[in-house]
Amino acid sequence: MNRSLNVVITGAGSGLGAAMARRFAAEGHAIAVTDVIPERAAAVNAELQGQGARSFSQVLDITRDADWAELHHRVMQEWGGIDVLINNAGVAAAGLFEESPLSDWEWVLAVDLMGVVRGCHTFLPLFRQQAAAGRKGHIVNIASFAGLSGMPGISAYGTAKAGVVALSEHLHTELRDCGVGVSVICPAFVQTNLLDEFRASDPSYRQRVERWMKQSGVTADDVANDVMRAVRKNRFLVLTHKPTRWAWRLKKWWPSRYYRMVALQSATSRRSS
């Protein structure tokens, strides 16, 4: 990436979104800092501008078509185009399938899956138009290893993230020859603000997730660096945690062994909570 890029990041007011905003801004790229909470977006935008970055903040509820339309208008008004769209904003819920109310399923799917669909649907026509004129673009969808792992206790969240992976696969093939790259990022546990709106049928789920976040050894800045490399090198599937790379290979090559291991780990985790 030798030229300055115009980068839109959802959920950029905190956590991983803010880390990615800082990382791309540090390379001289222009950033649209979007978040459902305007104060968070404004604070990160002020920080970036204080460091000399070209950026603006915009309120964005990724479940609202009108908000996406306003963001598209603002991007065209401010920049006249886009180079990178990072669909990052998300929420989380935990609980066994029968414990999880349908309201949690609807909430998680509306945000984590349909929010990504809406982002891609809003900007893909512009990406195609620009690519036809020789301007390459890139879509980054933040999924999760939960979308690949089949772990028990996160059926709603894992299903939504699996949908993001599948959507990214479809886009990857549909856009392969038109100059628009696609990356799907699948982190495991990272200390972010994901638990701020966390829903769970049992308090022990939150305690486990907090413990795994603290023990992961991977930071939001580490993941932001992986995202930067994915855009630079046009990498599709990015597993940000070393243990998940081994687990992903095990699942593909020896699925029965993998699921036995997952069941054992889950039972051990429940006993230690």
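Me: Why is R118 called partly exposed?
Reply: In this predicted model, R118 has a relative accessibility of 23%. Partly exposed is the range between buried (under 20% relative accessible area) and exposed (over 50%), with a 1.4 Å probe and protein chains only. A value of 23% falls in that range, so R118 counts as partly exposed.

Me: What makes D65 count as exposed?
Reply: The relative accessibility of D65 is 52%. The cut-off for exposed is over 50%, so D65 counts as exposed.

Me: How do you know that R118 and D65 meet in a salt bridge?
Reply: The N to O distance between their side chains is 2.6 Å. A salt bridge needs a side-chain nitrogen of Lys or Arg within 4 Å of a carboxyl oxygen of Asp or Glu, and 2.6 Å is within that limit, so the pair qualifies.

Me: What makes this a link between distant parts of the chain?
Reply: R118 belongs to helix α4 (residues 102-132) and D65 to helix α3 (residues 65-78), and the two residues are 53 apart. The helices are DSSP runs (H or I, at least four residues), as the strands are (E, at least two), numbered from the N terminus. Residue numbers start from 1 along each chain as its sequence is written. As for the basis of the values, the model is predicted, local features need pLDDT of at least 70, side-chain atom pairs count only at pLDDT 80 or more, totals for chains, interfaces and linings use all residues, and side-chain values use heavy atoms, without hydrogens and water.

Me: How many salt bridges does the structure hold?
Reply: The count is 10. One of them joins the side chains of E47 and R22, at 2.7 Å from N to O.

Me: Why is it said that E47 and R22 tie parts together?
Reply: E47 sits in helix α2 and R22 in helix α1, so their contact connects parts separated by 25 residues in sequence. For E47 the relative accessible area is 28%, and for R22 the relative accessibility is 35%. Both values lie between the limits for buried and exposed, so E47 and R22 are classed as partly exposed.

Me: What makes R23 and E27 a salt bridge?
Reply: Their closest N and O atoms are 2.8 Å apart, which is within the limit, so the criterion is met. E27 is also partly exposed, at 37% relative accessible area.

Me: Which residues are linked in a network of salt bridges?
Reply: The network consists of R3, D83 and R135.

Me: Why is strand β2 called mostly covered?
Reply: Strand β2 spans residues 30-35, and six of its six residues are buried. Burial applies to both faces: A30, A32 and T34 make up one side, and I31, V33 and D35 the other.

Me: How do you know that β1 and β2 pair?
Reply: Two strands pair if DSSP finds at least two bridges between them. Four bridges join β1 (residues 6-9) to β2, so the condition is satisfied, and the two run parallel. In this pairing, I9 stands opposite V33.

Me: What lies between β1 and β2 along the chain?
Reply: The chain passes from β1 through helix α1 (residues 15-26) to β2, and this β-α-β crossover is right-handed. That word applies if, with the strands pointing away from the viewer, the path from the first strand over the helix to the second runs clockwise.

Me: What makes β2 and β3 a pair?
Reply: Five bridges join β2 to β3 (residues 55-59), and these strands run parallel. A32 has F56 opposite it in β3, while S57 is the bridge partner of V33. A right-handed β-α-β unit is also formed here, from β2, helix α2 (residues 38-50) and β3.

Me: Why is T244 called buried?
Reply: T244 has a relative accessible area of 6%, which is under 20%, so T244 is buried. T244 lies in helix α9 (residues 242-253). Its C-alpha atom is separated by 21 Å from that of V231, 13 residues away along the chain.

Me: Is V117 buried, partly exposed or exposed?
Reply: V117, a residue of helix α4, has a relative accessible area of 27% and is partly exposed. V117 and L60 are 57 residues apart in sequence, and their C-alpha atoms are 14 Å apart in space.
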